[in-house]
Amino acid sequence: MMEFIRKNKLLTFALGFVAIQVLLAIFAPVVALHDPYAQVMVERMKGPNLTNWLGTDQLGRDVLARILFGYQVSLMTCVTAVGLALVAGGTLGMLAAFYGGWLDRVLMRVMDVLFAFPIMLLAIGVIAVLGPNVWSAAIAIAIVYTPIFARLLRGPALVICESEYVMGARAIGASDGRIVFLHLLPNLASVILVQTSLLLSAAILVEASLSFLGLGAQPPVPSLGLMLSEGRNFLLLSPWPAIFAGFAILFLSFGFNLLGDALRDTLDPRLKNAS
Amino acid sequence: MSSRFLVTRLIDLAVVLFGVSIVVFLMIRLIPGDAVAIMLGANTEITPERIAELERRVGLDQPILIQYFNWFTGLFRGDLGTSIWTGRPVAAEIAANIWPTFELTFLSVLVGAGLSIPLGAFMAQARGKGAEVAVRIGAIAGLTIPSFWLGIVSIFLLSKLLPGFSALGYVPFTEDPLGNLQRMILPVIALSLPMLANLSRLVRSAMLDALGQDYIRTAKAKGASKRRLVYRHAMRNALIPFITSVGVATGYLLGGAIVVEQVFAIPGLGRLVLGAIAERNYPLVQATILVMTSAFVIVNFLVDLLYAVIDPRVSRR
């Protein structure tokens with residue numbers, strides 16, 4: 001354990017940084033000292049003080065409590081979205097690599113088309129269709145990240161499919177399923193882990209942008225992006241909600257990005273300077 | 001550049017644009033429930049006549065293939081559809097809002113890509129453990145600072161420090177060049193920072209790669225100055241991955257521009273599309289997404305061609 005920490009300082013730090021935030025989000029109902037929805041009008045727009053550590057917003061709600069619950073909303077949306085994208089994109093990418101031929105060509109062409117849309121624009125389009133709410137945002141992010149996962153996994157999967165040990169397995173009569181689950185997936189695990197972490201970091205920013213634009217979580221749900229857009233209207237009177245909400249988004253996204261970066265070093269030193 | 005390369009790329013371009021048009025076309029047809037009733041909205045009384053009238057206007061009363069054919073051929077005549085509420089051609093509304101977005105994106109690419117070269121070259125020369133960590137943390141921070149938050153904080157700080165500075169809104173360059181550029185400073189900084197972080201790290205690692213090559217050692221042995229080594233010999237080769245990334249980053253900037261426009265009250269395509277979503281003006285949403293995505297696809301096509309000009313090996317593959 002100590003040996004691991006000494007050897008992987010960055011990874012340990014990143015893991016700790018992410019773990020603290022995830023735990024705060026999960027245990028938000030226990031940790032938060034105030035109800036994120038409770039409005040105390042006489043305590044509106046207060047700066048940080050002893051009762052409200054990070055101050056209050058324009059409706060007198062506790063900023064810290066809203067940030068903790070905002071973490072929950074943000075993480076739930078992004079983990080769902082990136083999870084869906086990983087399953088969908090990963091399956092498509094591996095199918096394309098495994099079977100090759102016309103299936104590969106058709107699938108990758110479809111992915112190319114989805115890939116051609118700027119991320120935010122495709123997400124906005126999906127939300128225009130589904131209507132603005134948290135779940136639309138999650139689905140939008142999932143759709144946007146599906147082609148990214150498909151592309152990311154197809155390449156390494158292709159290399160593995162053509163490797164000697166897979167050919168060997170085939171030669172002794174292993175079924176497709178056995179090859180995929182026993183040979184392909186375990187060898188892709190490190191790529192998947194690294195990319196999931198990096199894409200989660202990016203998804204957190206996309207989710208925050210969407211709810212900032214009013215296309216994600218709707219008031220009065222405590223959402224980090226929404227806190228920023230509401231805080232912006234009262235910026236000159238009380239900058240605290242906007243400033244703290246921004247730091248929250250930054251820390252969350254930064255944590256996952258650092259984690260992905262550190263994982264890449266640890267799991268696959270060859271990839272250190274790639275991408 | 002071989003003509004075969006050009007033809008392959010042109011076919012790719014056509015296929016992707018065709019696919020994009022199908023996705024955008026299907027958007028309006030995928031709306032759950034009765035899209036037309038939703039478009040009519042809560043303000044008007046929904047009668048079967050009204051629905052039929054709007055269906056006819058949007059063209060939803062015909063078989064889907066005919067609808068697509070009419071819409072697609074319309075695109076070539078510059079007909080992007082008709083705005084549901086104003087009845088004006090969507091193309092006119094887009095034309096009225098395209099310049100601020102274009103200017104914002106263009107300046108941000110210029111600043112982000114332009115500064116990343118000297119910054120990356122500088123970072124490549126700073127070696128050692130401390131420098132490595134600083135570069136890494138700086139790059140990740142640049143990528144993960146939300147640009148809209150940076151915008152908001154900079155507006156706040158500026159309003160405290162320089163109360164007279166007008167940072168919000170947009171004036172056309174032709175009317176007031178100084179006012180235009182003044183209002184562009186903060187949005188461009190907010191928008192180009194992630195690109196700068198990403199690209200300067202890329203330039204740094206490409207430079208380090210290039211500086212380790214034999215031809216650099218040879219040039220050094222022949223007495224080339226350090227400056228000449230970095231900018232003349234290493235840079236040429238470091239530029240190749242850099243240019244591809246600039247193309248990809250343009251898409252990010254187009255998306256980011258939507259958010260930054262909202263922060264700085266810039267009347268561009270972002271505001272147009274958000275307003276259109278709020279009032280369920282689907283033809284306008286469709287057309288804006290189509291125009292911005294096509295611009296992105298074409299930029300990447302041009303980048304591909306440029307790539308082949310700089311590195312002739314590419315087009316021979």
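Modeller: Let's agree on one thing up front: two residues are in contact when their C-beta atoms, placed from the backbone, lie within 7 Å. And keep in mind that this is a predicted model.

Colleague: Fine. With that in hand, what share of the contacts in chain B join residues at least 24 apart in sequence?

Modeller: Among contacts between residues at least 6 apart, it's 75%. The chain carries 13 helices and 0 strands, and its C-alpha trace spans about 85 × 60 × 35 Å along the principal axes. Of its 317 residues, 36% count as buried.

Colleague: Take E279(B), then. Why is it called partly exposed?

Modeller: Count its neighbours: E279(B) has 15 C-beta neighbours inside 10 Å. Buried needs 20 or more, and exposed means 12 or fewer. A count of 15 falls in between, so E279(B) is partly exposed.

Colleague: And where in chain B is E279(B) found?

Modeller: In the loop between helix 11 (269-278) and helix 12 (282-310) of chain B. From C-alpha to C-alpha, E279(B) lies 8.6 Å from W85(B), though 194 residues separate the pair in sequence.

Colleague: On to the contact between the chains. What makes up the side of chain A that touches chain B, by residue class?

Modeller: The contact takes 35 residues from chain A and 38 from chain B. On the chain A side, 24 are nonpolar, 7 polar and 4 charged. Helix 11 of chain A gives the largest share of that side, 10 residues.

Colleague: What makes V273(B) stand out in the largest nonpolar core?

Modeller: V273(B) is one of the residues touching the most other members of that 161-residue core, among them I67(A) and Y145(A) as well. Membership takes a buried residue of the right type, so V273(B) has to be buried to be in there. Leaving aside neighbours within four places in sequence, V273(B) is in contact with I124(A), I258(B), V285(B), T288(B) and I289(B).

Colleague: Last one: how do helix 2 and helix 11 of chain A pack, and what is the handedness of their crossing?

Modeller: Their axes are 8 Å apart, at an angle of about 145°, and the crossing is left-handed. Residues making the contact include L11(A) and F17(A) from helix 2 and F251(A) and G255(A) from helix 11.

Colleague: How many of the residues in that helix contact are charged?

Modeller: None; there are 13 nonpolar and 3 polar residues. Gly counts as polar, so G255(A) goes with the polar ones.

Technical notes. Residues are numbered from 1 along each chain as its sequence is written. Chains are lettered from A and ligands numbered from 1 in the order in which they are written. This is a predicted model: local features need pLDDT of at least 70, side-chain atom pairs count only at pLDDT 80 or more; totals for chains, interfaces and linings use all residues. Helices (H or I, at least four residues) and strands (E, at least two) are DSSP runs, numbered from the N terminus. A nonpolar core is a set of buried Ala, Val, Leu, Ile, Met, Phe, Trp, Tyr and Cys residues joined through C-beta atoms within 7 Å. Axes are lines fitted to C-alpha atoms, for helices over the stretch in contact, and angles run from 0 to 180 degrees between N-to-C directions. A crossing is left-handed if the near helix is turned anticlockwise from the far one by less than a right angle, and right-handed if clockwise.
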